[in-house]
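Reader: I'm new to reading protein models. Could you take one part and walk me through it slowly?

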Amino acid sequence: MPAPTDKPRNTAARQADKELLFKGVTCALIGLVILLAPYVARSDSVRELMAQATLVGWFALVLGIAFGVLYGVRRAQAGRRQP
């Protein structure tokens, strides 16, 4: 029989995993929007402004992917621990 203190820690770990997934998806979407904005912007000034922010877009996309990979690793480790 599991100890009563194991339940909140497991719930906290699940909540942390969900938040990590949310952060990953959000960062990846922000990165994609920043990278695709110069191609869909109608105004030349907006197009130039968004083209200058490509470094930020790539950073956000890579960070989002890293969060997603970390989420997958955590879920795989949690699956191995349970009998």
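Author: Let's take a close look at helix 1 and the residues that link up with it.

A quick heads-up: this is a predicted model, where local features need pLDDT of at least 70, side-chain atom pairs count only at pLDDT 80 or more, and totals for chains, interfaces and linings use all residues. Residues are numbered from 1 along each chain as its sequence is written, and side-chain values use heavy atoms, with hydrogens and water left out.

The chain has 3 helices and 0 strands, and along the sequence that reads α-α-α. Helices here are DSSP runs of H or I with at least four residues, strands are runs of E with at least two, and both are numbered from the N terminus. Helix 1 spans residues 6-40.

Start with aspartate 17. Its relative accessible area is 8%, so aspartate 17 is buried. The cut-offs are these: buried means under 20% relative accessible area, exposed means over 50%, and partly exposed is in between, with a 1.4 Å probe and protein chains only. Across the 83 residues of the chain, 19% count as buried.

Aspartate 17 forms a salt bridge with arginine 74, with 3.7 Å between the closest N and O atoms. That term means a side-chain nitrogen of Lys or Arg within 4 Å of a carboxyl oxygen of Asp or Glu. Since aspartate 17 lies in helix 1 and arginine 74 in helix 3 (residues 54-81), the pair ties together parts that are 57 residues apart in sequence. Arginine 74 itself is partly exposed, at 35%.

Now for phenylalanine 22, also in helix 1. With a relative accessible area of 60%, phenylalanine 22 is exposed. Its C-alpha atom is 9.8 Å from that of tyrosine 71, although the two are 49 residues apart along the chain.

Helix 1 also holds tyrosine 39, which counts as exposed because its relative accessibility is 69%. Tyrosine 39 joins Leu21, Val25, Leu29, Leu32, Leu36 and Val40 in a nonpolar surface patch of about 710 Å². Patches are built from residues with over 30% relative accessible area and no salt bridge; nonpolar side chains (Val, Leu, Ile, Met, Phe, Trp, Tyr) are joined within 5 Å, and like charges within 9 Å. The areas come from the Shrake-Rupley method with a 1.4 Å probe, and for residues only the protein chains shown count as cover.

So, to recap your tour of helix 1: aspartate 17 is buried, while phenylalanine 22 and tyrosine 39 are exposed.
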